[in-house]
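Student: Could you take me through one helix of this model in close detail, and then through a loop and a cavity elsewhere in the chain?

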Amino acid sequence: MDTSQDNGEACFMSKNQMRKQAKYIKTIEKKKQNRKFEQEKHREKFKIYRQEGGLPKADLRNLQLTRLKDSLEKGLKVCVDLQFEELMNEKELNHLTNQIKRVYSSNKASETPFHLHYINFRKDGKTYKLCCDKIDGFENYVATFEERGVTDLFNASEVVYLSPDSENVIQTLDPSKSYIIGGLVDDSVKKNTSSSYSEYVEIATGRLPIPEYMSRSDTGSFKQI
């Protein structure tokens, strides 16, 4: 039986499919290059840190873990609210997962880390699974994991929900407050999502003065939670 025609049809790709495949390959290669660049940048930064008298890696890691453990008792409470995952598609959830990793890494590197909470964080949820699959050591994070939400964990008077849509600009952080970050990427949902939720549950909102002190780069992406 002659199967050459069938095989030819099976291998055939439309121009649109070919463009999508080429774009996908290009994206993967770019990610590899960016990852390599970031690794080299990190190695160079650590090399300079050591030359200036910084601690060896093992000692630095132990110091960072000690600071994180201390933050569970003394640190300012900062919570990532992960109740919005149903509003995001798979790609957006992947962006969120990357941001969760960056938040923890930045907090870990800080000399005065926050007491980091992940709230509304269901172990049967998509975000939790992605974090476990994509972030090495995620389940061992020195942080508080909670399936309960803001109103179950805190009194309304003790909370400030951070929102880019808030009219209240925060210039200083109040150690008596818990600050909530909406766990959603900024290009994925309707405007005012976090502020609308805050208004509904009668929680004060605040905005970090990002536009006042920072500007967007002309290149690269600008995604934040």
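Tutor: What follows looks at helix α4, then at a loop, and last at a cavity.

The model is a predicted one, in which local features need pLDDT of at least 70, side-chain atom pairs count only at pLDDT 80 or more, and totals for chains, interfaces and linings use all residues. Residues are numbered from 1 along each chain as its sequence is written, and side-chain values use heavy atoms, with hydrogens and water left out.

Helices (H or I, at least four residues) and strands (E, at least two) are DSSP runs, numbered from the N terminus. Helix α4 takes in the 20 residues 90–109, which at 1.5 Å a residue should span 28 Å, and the 29 Å between its end C-alpha atoms agrees with this; the expected span is 1.5 Å times one less than the number of residues. Buried means under 20% relative accessible area, exposed over 50%, and partly exposed in between, with a 1.4 Å probe and protein chains only. In α4 the buried residues are Glu-92, Leu-93, Leu-96, Thr-97, Gln-99, Ile-100, Tyr-104 and Asn-107. They cover an arc of only 165° around the axis, which puts them on the same side of α4, the arc being that of the directions from the helix axis to the C-beta atoms. The buried residues of α4 pack against α3 (57–74), β2 (115–119) and α5 (126–134), whereas the face turned away from the buried side carries the exposed residues Lys-91, Arg-102 and Ser-106.

The loop between β4 (159–162) and β5 (178–182) holds Asp-174, and Lys-177 is found in that loop too. Asp-174 counts as partly exposed at 30% relative accessibility, and Lys-177 is partly exposed at 25%. Contact means heavy atoms within 4.5 Å. Leaving aside neighbours within four places in sequence, Asp-174 is in contact with Leu-76 and Tyr-179, while Lys-177, not counting residues up to four places away, touches Leu-76, Lys-77, Ser-157, Glu-158, Val-159 and Val-160.

A cavity is a set of points on a 1 Å grid over the protein atoms alone where a 1.4 Å probe fits but cannot get out, and its lining residues have an atom within 4 Å of a point. A search of the whole structure finds one cavity of 30 Å³ or more. The largest cavity is lined by Leu-82, Glu-85, Asn-120, Phe-121, Arg-122 and Gly-125.

Note on methods:
On a 1 Å grid over the protein atoms alone, a cavity is a set of points where a 1.4 Å probe fits but cannot get out, and a pocket is an open set with protein on both sides within 12 Å along at least five of seven lines; lining residues have an atom within 4 Å of a point. Grid points are joined across faces, edges and corners, and a volume is the space filled by probe spheres set on the points.
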